[in-house]
Amino acid sequence: QLQASGGGLVQAGGSLRLSCSASGRTFSNYAMAWFRQAPGKEREYVAAISWTGGWTHHADSVKGRFTISRDNAKNTVYLQMNNLKPEDAAVYYCAAASQVAFHAVEYDYWGQGTQVTVSS
């Protein structure tokens, strides 16, 4: 029901924009978030956005470089990633929950993930 896309290989300092498209149901009244998981590490919170889009939050590790946004008319959430660093490399997942949360266990729906690779 959630499909993440937009990942790829980019050089350090480059940019990518991830998209998360919903199908089968509308997620316009759900809070949405992005998480990431690098090999051998736990899933890490990246950013969250309220269902209206009027409230956003970003993890300290990405603040000032990443921006979460949403277009409810398109049932899509975005993650604009600028100034990428090698430590940003991971599989990125989008998720939906009935209210904003910062922990993966609180999210009910998950996309399949999209790989982001950053070369130094």
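The following legends accompany an overall view and several close-up views of a predicted model.

Local features are reported for residues with pLDDT of at least 70 and side-chain atom pairs at pLDDT 80 or more, whereas totals for chains, interfaces and linings use all residues. Residues are numbered from 1 along each chain as its sequence is written, and side-chain values use heavy atoms, with hydrogens and water left out.

**Figure 1. Overall fold of the chain, with zero helices and 11 strands.** Helices (H or I, at least four residues) and strands (E, at least two) are DSSP runs, numbered from the N terminus. The radius of gyration, taken over C-alpha atoms, is 13 Å, close to the 14 Å of the globule rule for 120 residues, so the chain is as compact as a globular protein of that length. That rule is 2.2 Å times the number of residues to the power 0.38. The C-alpha trace spans about 40 × 25 × 25 Å along its principal axes. Of the 120 residues, 44% are buried; buried means under 20% relative accessible area, exposed over 50%, and partly exposed in between (1.4 Å probe, protein chains only). Contact denotes heavy atoms within 4.5 Å, and among contacts between residues at least 6 apart in sequence, 57% join residues at least 24 apart.

**Figure 2. The disulfide between Cys-20 and Cys-94.** A disulfide is assigned to a pair of cysteine sulfur atoms within 2.5 Å, and the count comes to one by this rule. The sulfur atoms of Cys-20 and Cys-94 lie 2.1 Å apart. This pair links distant parts of the chain, 74 residues apart, with Cys-20 in strand β3 (residues 16-22) and Cys-94 in strand β9 (residues 90-97). The torsion about the S-S bond is about 65°, so the disulfide is right-handed. Both Cys-20 and Cys-94 are buried.

**Figure 3. Two asparagines with positive phi, Asn-75 and Asn-83.** Most residues other than glycine have a negative phi. Asn-75 has a phi near 55° and is located in the loop between β7 (66-71) and β8 (76-81). With a relative accessibility of 18%, Asn-75 counts as buried. Asn-83 occupies the loop between β8 and β9, with a phi of about 50°. Its relative accessibility of 42% places Asn-83 in the partly exposed class.

**Figure 4. Surroundings of Ala-90 in strand β9.** Ala-90 counts as buried at 3% relative accessibility. Apart from residues up to four places away in sequence, Ala-90 touches Arg-36, Gln-37, Ala-38, Thr-114, Gln-115 and Val-116. The C-alpha atoms of Ala-90 and Gly-7 are separated by 9.6 Å, with their positions 83 residues apart along the chain.

**Figure 5. Surroundings of Ser-69 in strand β7.** At 31% relative accessibility, Ser-69 is classed as partly exposed. When neighbours within four places in sequence are left aside, Ser-69 is in contact with Ile-49, Val-77 and Tyr-78. Gly-53 is 16 residues from Ser-69 along the chain, and their C-alpha atoms are separated by 6.7 Å.
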